[in-house]
Amino acid sequence: MLQTHAVDTAATFGDPLITAVHRALGEMQGLRPLALSDKSGVRFVLAIDDLDDAQIASFLDGYCQGTAFLALSGVRALAMGLGTSSDNRAVITPISAKDPGEGAHARLMELATATHPRDVPVFTPAGETAAAAVELAKLALRLPACLISSPIDQIDENDAVMTVKTRDVEAFRARLAATYNQVSQARVPIADGIETRFAIFRNAIGGIATAILVGEPETAYASGEKPVPVRVHSSCATGDIFGSRRCDCGEQLQLALHRLRDLGGGCLIYLDQEGRGLGLANKMHAYTLQDRGLDTVDANKMLGFHDDERDYHAAGFMLKRLGFERVTLLTNNPTKLHGLATAGIEIVDRMPVVAPANADNLRYLTTKAKRSGHLLNDAGLLESL
């Protein structure tokens, strides 16, 4: 039999908080039940999207012998007109654990996503556990909607269910952002003769982010007297790769790379934050709602997300590790200015990155300017919207 020696696993194999939440995310992503614990007890949790009626019945019967609840985000509650006091507080409503019936999943999805759900039950403000369940669903890039059991004192030792503390979920994003470290770098010449190096960063759970170094910014700005030109760009598969006309992301990416070259070098941080942090699947859900008449902001909120779910702490840590702490930020988005400043980066100046409007993204750009505060008046674009 293999004999192991006592070791400090936290020091040897990473932050136990990050490890615990990462494992819980694996369960959430795989549509398996998990458990959240706090001082009031333990509750079983299951994300609702992609389930079928049989899975719902099995969860309600096997984990919720008493009453189960549907938890939605406070943002979703406000969008449905439920009048809760805060968009940061989750809401819950009881779900029958005895007879879920046929069409259970369709009914739950209607309550989680429909613009005008029928027969809306009474939702009440929920506590920290429901909020943590919704946050886990977001981190797993699922809809922020979960089934939650009533609390129990402890889990039976025969239940092979991953358990994570509610407070650990709350601390996870900030803790994870600080773990990005550079793991590789190589020269990558790109279109139009732009010389770049791709510096790849990896976090404690294997997530990847990229710093695209245009020219030699480490040398050009080594003295620290001049701020480094920086663009922080969130991934957009539809725009960056396929040239979607529904947004201006692809055009902004190319404009930024050319601007950095023309400025004598700089850095573009490319973050995996598709759809303003919603993920590609939820971005398509939002597009469907936009096709039905909602704008970008209202579509996101109708699904239970904030207008913008992105976080820029990882970008801040990456820039610091590259030695770029005083920057000129290429952006139209004031949220990025605030986000990087909060992450400890000094924003010396801002440069606009304004792409031409087209018939397919005109409404999107109008919404960004008039509802999300994007600074699109540069180059007179706002007057043309």
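## Contacts around L51

Two residues are in contact here when heavy atoms of theirs come within 4.5 Å of each other. By that yardstick, and leaving out residues up to four places away in sequence, L51 touches L31, L46, I56 and H105. Bear in mind that this is a predicted model.

So where does L51 sit? Look in the loop between β2 (41-47) and α3 (53-63). Despite that loop address, L51 has a relative accessible area of 6%, and because buried means under 20%, L51 counts as buried. For a sense of scale, take Y287: L51 and Y287 are 236 residues apart in sequence, and their C-alpha atoms are 22 Å apart in space.

## The overall picture

Stepping back, the protein has 17 helices and 14 strands. Its radius of gyration is 23 Å, close to the 21 Å that the globule rule gives for 385 residues, so the protein is as compact as a globular protein of that length. Along the principal axes, the C-alpha atoms fill a box of roughly 65 × 60 × 35 Å.

How much of the protein is buried? Of its 385 residues, 49% fall into that class. Long-range pairs show up a lot too: among contacts between residues at least 6 apart in sequence, 67% join residues at least 24 apart.

## Surface and charge

The accessible surface adds up to about 18,200 Å², and carbon and sulfur atoms account for 51% of that. As for charge, there are 38 positive and 46 negative side chains. The centres of those two sets lie 4 Å apart.

## S149, tucked into a strand

S149 belongs to strand β6, which covers residues 145-149. With a relative accessible area of 1%, S149 is buried. What does its side chain reach? The backbone nitrogen of F44, at 2.8 Å.

F44 also turns up in the contact list of S149, which runs to R43, F44, Y63, C64, T67, A68 and F69 once residues up to four places away in sequence are set aside.

## N361 and a distant stretch of chain

N361 is another loop residue, found between β14 (346-351) and α16 (362-370). Is N361 buried or exposed? Its relative accessibility is 0%, so N361 counts as buried.

Which residues does N361 meet? Apart from neighbours within four places in sequence, the contacts are R245, R246, C247, D248 and P356. D248 is worth picking out: D248 and N361 are 113 residues apart along the chain, yet their C-alpha atoms are separated by 7.2 Å.

## Two positive phi angles

Most residues other than glycine have a negative phi. Here are two that go the other way. D119 has a phi near 50°, a positive value in a residue other than glycine. D119 lies in the loop between α5 (104-113) and β5 (124-125). At 68% relative accessibility, D119 counts as exposed, because the exposed class starts over 50%.

The other case is L141, with a positive phi near 60°. Its spot is the loop between α6 (128-139) and β6, and β6 is the strand that holds S149. L141 has a relative accessible area of 46%, so L141 is partly exposed.

Note on methods. Residues numbered from 1 in each chain as written. Predicted model: local features only at pLDDT ≥ 70, side-chain atom pairs only at ≥ 80, totals over all residues. Heavy atoms only, no water. Helix = DSSP H or I, 4+ residues; strand = E, 2+ residues; numbered from the N terminus. Rg over C-alpha atoms; globule rule 2.2 N^0.38 Å. Buried < 20%, exposed > 50% of the residue type's maximum accessible area, 1.4 Å probe, protein only. Areas by Shrake-Rupley, 256 points an atom, 1.4 Å probe, with all protein chains shown as cover. Lys, Arg positive; Asp, Glu negative; His and termini not counted. Charge placed at Lys NZ, Arg CZ, Asp CG, Glu CD. Polar contact = N/O pair within 3.5 Å; in protein donor to acceptor, adjacent residues only side chain to side chain.
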